[in-house]
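Q: Please take a close look at the salt bridges in this model, and describe which side chains meet in them and how far each partner is buried or exposed.

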Amino acid sequence: MNRRLFLQGLTLLSGGALLQPASLLAAGPSFPVVRPAAVKRRFRSRSVEAAIQEFQKKVPDPELGWLFANCFPSTLDTTVTYTLREGRPDTYVITGDIDAMWLRDSSAQVWPYLQFVGKDAELRQLVAGVINRQTRCILKDPYANAFYGDETRAGEWKSDLTAMQPGVHERKWEIDSLCYPIRLAYHYWKITRDATPFDAAWQQSIRMVLQTFREQQRKTSLGPYKFQRETAKATDTQPMDGYGYPVRPVGLICSAFRPSDDATLYSFLVPSNFFAVVSLRQASEMITQLTQDATTARELTALADEVEAALRQYAIVDHPKHGRLYAYEVDGFGSQVLMDDANVPSLLALPYLGAVLATDPIYQNTRRFLLSDNNPFFFTGRAAEGIGGPHVGQDMIWPLAITMRGLTSTSDAEIRACVHSLRATHAGTGYMHEAFHKDDPTKFTRAWFAWANTLFGEFLWKIYQQKPQLLV
């Protein structure tokens, strides 16, 4: 299905009737209560509750109001544990049905609430607690992607062939694991001007990020990190003694795994390198303003400039149909992978992350490629169309990618189509999922996946604030 047909599909999707269970259709505007009862919610934010009430009052579509009330607070309702640790906020955030805290997911899950922290002191403390815990995680192991609440726990992947420690759930090196905490910290600081979380430990974590990124440029050696797992899944391990296939040291940063936790084919993962450029500059600004460490600030900026220049030289390829576009992965030798993955950072998400402008011609070429059958992980079916990836498999569309398509679109018709597609594919559950089958949304993975829920809520709230007519 191409973009024209996708937009034409609005006539089928209007009213939310497509693929809705008969019980919901029969109920009309009434929908089952699926949000946890108030006494069972992990955290309550008065500003988030007020947003839900406002949305439901002003948006005439009862199904969207129901979905927003379920999805937007999902992270707060079900995944956070807030405490004080030595007098400082400490927040542990699980992904949903996995009891572990990913640096990426935890940042993305609380990100939409930043817009409320200026008027909600309790919510501000919750986010500060996420920053504090992420700092400890990075100092513990900057190469790990996920951690346990119990720092002594040995988990299910303790036998992985890498330098595992107690308290580490998984040690898959992903560039974005160090970018997301900077993004969260930077915008928290910009909104609140609260410097309390950015103490000596946080500053040391930034220096560790810089060191790790430099190590993974692999200019003089392969670096200290390698990873192998005894598994039948090629996407869960790395070849070449755990270092991955060779790269030419051109200034880009190697990532052993993608944001999906799948292994990279070529280690220079382009969207994650773009994200690193943004994060390095944000970290440099914070170090400049909050510390006297001018040396580290200069080094952060210099690395950002180096990676950006290397992206311009090595990440852009000529496609016979779509012209100049960004590859997904490259190796510096001239090889590239042309695709996208639903997880963020993705090529589709580059404007959302502040890495490129949505109007950038190369991004627009890339976007047209990604949303076409030239992208091997763009699936079209009877229920929907969208980007998936190897992690779940063939014909499985990720709501994350549909949401991101809407968040990065400049077309009102496309934004509306994304809303309607998501409304039509929650399979009567009232929540987003990790992925669903392109022909049957009742075949889905992960009923409890808070990132997808909260991002969808962010999308709806943005539309409500900026273009409420698209929700009518």
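A: A useful place to begin is arginine 405, which has a relative accessible area of 3% and is therefore buried, since the cut-off for that class is under 20%. This is a predicted model, and in it arginine 405 forms a salt bridge with glutamate 414, the closest N and O atoms being 2.7 Å apart. Glutamate 414 also counts as buried, at 3% relative accessibility. Salt bridges with shared partners also join Arg85, Asp90, Arg133, Arg136 and Glu151 into one network.

In total, the structure holds 37 salt bridges. One of them brings together the side chains of glutamate 122 and arginine 46, with an N to O distance of 2.7 Å; this pair links distant parts of the chain, for glutamate 122 belongs to helix α8 (residues 121-140) and arginine 46 to helix α4 (residues 46-58), 76 residues apart. Glutamate 122 counts as partly exposed at 43% relative accessibility, and arginine 46 counts as partly exposed at 45%.

Another salt bridge is formed by the side chains of glutamate 299 and arginine 214, at 3.6 Å from N to O. Because glutamate 299 lies in helix α12 (residues 294-314) and arginine 214 in helix α10 (residues 200-215), the pair ties together parts that are 85 residues apart in sequence. Glutamate 299 is partly exposed, with a relative accessibility of 28%, while arginine 214, with a relative accessible area of 39%, is partly exposed as well.

Terms used. Residues numbered from 1 in each chain as written. Predicted model: local features only at pLDDT ≥ 70, side-chain atom pairs only at ≥ 80, totals over all residues. Heavy atoms only, no water. Salt bridge = Lys/Arg side-chain N within 4 Å of Asp/Glu carboxyl O. Helix = DSSP H or I, 4+ residues; strand = E, 2+ residues; numbered from the N terminus. Buried < 20%, exposed > 50% of the residue type's maximum accessible area, 1.4 Å probe, protein only.
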